[in-house]
Amino acid sequence: MLEAKLQEAGTLKKLLDSIKELVTDANFECNEEAIVLQAMDNSHVALVSVKFSAAAFKRYRCDRPMPLGVNLTSLNKVLRCAKDDDICTLKAADEADVLNLVYEAKNSDRIAKYDMKLMDIDADTLQIPDTEYDARVTLPSSEFTRIVRDLSQLGESVRIEVSKEGVRFASDGEAANGSVLLRQSDGALISGTTIRPKSDGKEGGEDGGDEAEGSSSAKKEKAKVKKEKGDEDVDMSHEKDDNEDEEEEEFKPVENDEEGEEEQENEEDEEEEDGGSKKRKKKANGTSKPAKKPKTAKSKGKATEEDESATDVIIEMNQHVCLTFSLKYLVNFSKSATLSNKVQLMMSNDVPLLVSYDFNQGYIRYYLAPKIGED
């Protein structure tokens with residue numbers, strides 16, 4: 001039996017919108033660890049690989065491995081009946097011929113149930129080889145979407161070239177030519193690294209060596225971000241840290257001495273009103289307020305660093321790469337920008353391009369064969 005409860009139906013809707021034009025019928029392979037989909041388009045030029053890990057679901061149960069053969073067009077129609085913030089539950093019995101979908105509204109008592117017929121699809125699970133790529137480009141998904149859509153107005157193909165200058169997207173059309181160059185953000189090009197897609201469920205994994213070398217550049221970027229905020233902000237943070245140390249050293253012994261003296265005075269000859277006013281003074285002199293200020297400052301700093309890193313262009317290159325691809329497929333791939341604010345392009349000469357979008361619940365990866373005989 002399968003029961004998978006997703007916190008928001010919007011994630012599944014965005015996923016189906018991304019692949020519905022590439023794949024018509026496909027098997028969702030379900031096991032106790034994840035739900036996985038692998039399928040090729042009709043022309044066998046592009047391959048789609050999707051993974052939803054069990055941790056992505058609010059509740060997940062899969063007693064035994066089972067395939068769910070679905071028509072993606074029909075499933076997309078059923079998912080349109082759900083709001084993006086509805087709780088979506090997928091249910092299927094062992095050897096069932098029906099997939100049950102339940103939508104629960106968060107702000108009302110509305111519960112909608114739909115049954116969709118399953119299909120018997122004969123499809124072999126493709127073994128994707130572990131490839132070491134010559135270049136990897138990480139860029140904002142919105143920027144990638146804009147580039148491929150703009151160049152698709154000029155021609156049918158795009159030439160992607162990764163060099164020391166940066167990454168260049170160029171398209172030659174009958175009436176006009178165009179190109180877009182993206183340079184590395186905050187740092188030099190990284191070379192001599194082992195470039196692979198992240199292993200499933202492991203951030204280190206086989207890609208650990210690459211991430212270890214990339215971490216130094218990430219630290220440099222963070223340091224530069226902090227410097228760019230201005231001297232005043234940097235000085236303020238140091239002053240606050242110094243003040244914290246001084247306040248902790250000064251206030252703690254004073255509070256202990258005052259508490260003993262004030263208790264004696266209150267017991268001997270002071271009235272309750274005076275004691276109440278002194279207690280208020282002690283609260284005012286506490287270290288709780290100064291401690292909160294640097295915390296908020298730190299949290300704001302992290303948020304700005306994350307926002308700025310989302311716009312960075314990171315290029316990792318072992319050697320020069322230049323390949324030509326169909327823009328029609330890349331435009332379809334770019335629809336997954338709703339799932340992640342970053343996209344990774346991994347390339348090697350005479351090897352299919354890997355376009356990867358990683359999100360909290362898993363990933364969606366596209367593999368596209370290069371065009372041969374076009375420069």
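Q: Quick overview first: how many helices and strands does the protein have?
A: The secondary structure comes to eight helices and 18 strands. Bear in mind that this is a predicted model.

Q: And how much of it is buried?
A: Of the 375 residues, 40% count as buried.

Q: What about contacts, how many of them join residues far along the chain?
A: Taking contacts between residues at least 6 apart in sequence, 69% join residues at least 24 apart.

Q: OK, what's in the core? Which residues touch the most other members?
A: The largest nonpolar core has 76 residues, and the ones touching the most other members are Phe-144, Phe-169, Leu-330, Val-355 and Ile-364.

Q: Take Phe-144. What is it in contact with?
A: Leaving aside neighbours within four places in sequence, Phe-144 contacts Leu-139, Phe-169, Leu-330, Ser-334, Val-343, Leu-345, Val-355 and Tyr-357. Three of the core residues named a moment ago are in that list: Phe-169, Leu-330 and Val-355.

Q: Which residues are in the second core?
A: That one is separate and has five residues, including Leu-47, Tyr-133, Met-346 and Tyr-367.

Q: Back to Ser-334, since Phe-144 touches it. Where does Ser-334 lie?
A: Ser-334 is in the loop between α8 and β16.

Q: Is Ser-334 buried or exposed?
A: Buried, because its relative accessible area is 2%, and the cut-off for buried is under 20%.

Q: What does the side chain of Ser-334 reach?
A: It reaches the backbone oxygen of Val-331, at 2.6 Å.

Q: And which residues is Ser-334 in contact with further along the chain?
A: Not counting neighbours within four places in sequence, Ser-334 is in contact with Phe-144, Thr-145, Val-148, Arg-149 and Tyr-357. As for Val-355, it sits 21 residues away from Ser-334 along the chain, and their C-alpha atoms are separated by 9.1 Å.

Q: There's another serine, Ser-340. Where is its place?
A: Ser-340 is in the loop between α8 (327-333) and β16 (342-347), and Ser-334 lies in the loop between those elements too.

Q: Why does Ser-340 count as buried?
A: Its relative accessibility is 10%, and anything under 20% counts as buried.

Q: What does the side chain of Ser-340 reach, and which residues does Ser-340 touch?
A: The side chain reaches the backbone oxygen of Asp-358 at 3.1 Å. Setting aside residues up to four places away in sequence, Ser-340 touches Ser-141, Tyr-357 and Asp-358. Tyr-357 is also on the contact list of Ser-334.

Q: Changing topic: how many cavities does the search find?
A: One of 30 Å³ or more in the whole structure. About 180 Å³ of space lies in it.

Q: What lines the largest cavity?
A: Leu-6, Leu-12, Leu-15, Phe-28, Ile-35, Phe-52, Phe-57, Leu-68, Val-70, Leu-75, Leu-90 and Leu-99. Two elements, α1 (9-19) and β6 (66-71), each give two or more residues to that lining.

Q: How does the lining divide into nonpolar, polar and charged?
A: Twelve nonpolar, no polar and no charged.

Q: You mentioned α1. Why is it largely enclosed by the rest of the structure?
A: Because nine of its eleven residues are buried. They are Ala-9, Gly-10, Thr-11, Leu-12, Lys-13, Leu-15, Leu-16, Ser-18 and Ile-19. Leu-12 and Leu-15 also belong to the cavity lining.

Q: And the other element, β6: what about Pro-65, in which loop does it lie?
A: Pro-65 is in the loop between β5 (59-62) and β6. Pro-65 counts as exposed, at 62% relative accessibility.

Q: Which residues does Pro-65 touch?
A: Cys-30 and Asn-31, not counting residues up to four places away in sequence. Glu-29 is 36 residues from Pro-65 in sequence, but 7.2 Å away in space, C-alpha to C-alpha.

Q: Last thing, backbone angles. Which phi does His-44 have?
A: A positive one of about 60 degrees, although His-44 is not a glycine. His-44 lies in the loop between β3 (34-40) and β4 (46-53) and is exposed, with a relative accessible area of 57%.

Q: What about Glu-95, what is its phi?
A: Near 55 degrees, again a positive value in a residue other than glycine. Glu-95 is found in the loop between β7 (87-92) and β8 (98-104), and at 75% relative accessibility it counts as exposed.

How values were computed: Residues numbered from 1 in each chain as written. Predicted model: local features only at pLDDT ≥ 70, side-chain atom pairs only at ≥ 80, totals over all residues. Heavy atoms only, no water. 1 Å grid on protein atoms, 1.4 Å probe; cavity = no way out; pocket = protein on both sides within 12 Å on 5 of 7 lines; lining within 4 Å. Points joined across faces, edges and corners; volume = space filled by probe spheres on them. Helix = DSSP H or I, 4+ residues; strand = E, 2+ residues; numbered from the N terminus. Nonpolar A, V, L, I, M, F, W, Y, C, P; charged D, E, K, R; others polar. Buried < 20%, exposed > 50% of the residue type's maximum accessible area, 1.4 Å probe, protein only. Polar contact = N/O pair within 3.5 Å; in protein donor to acceptor, adjacent residues only side chain to side chain. Contact = heavy atoms within 4.5 Å. Core = buried A, V, L, I, M, F, W, Y, C linked by side-chain atoms within 4.5 Å.
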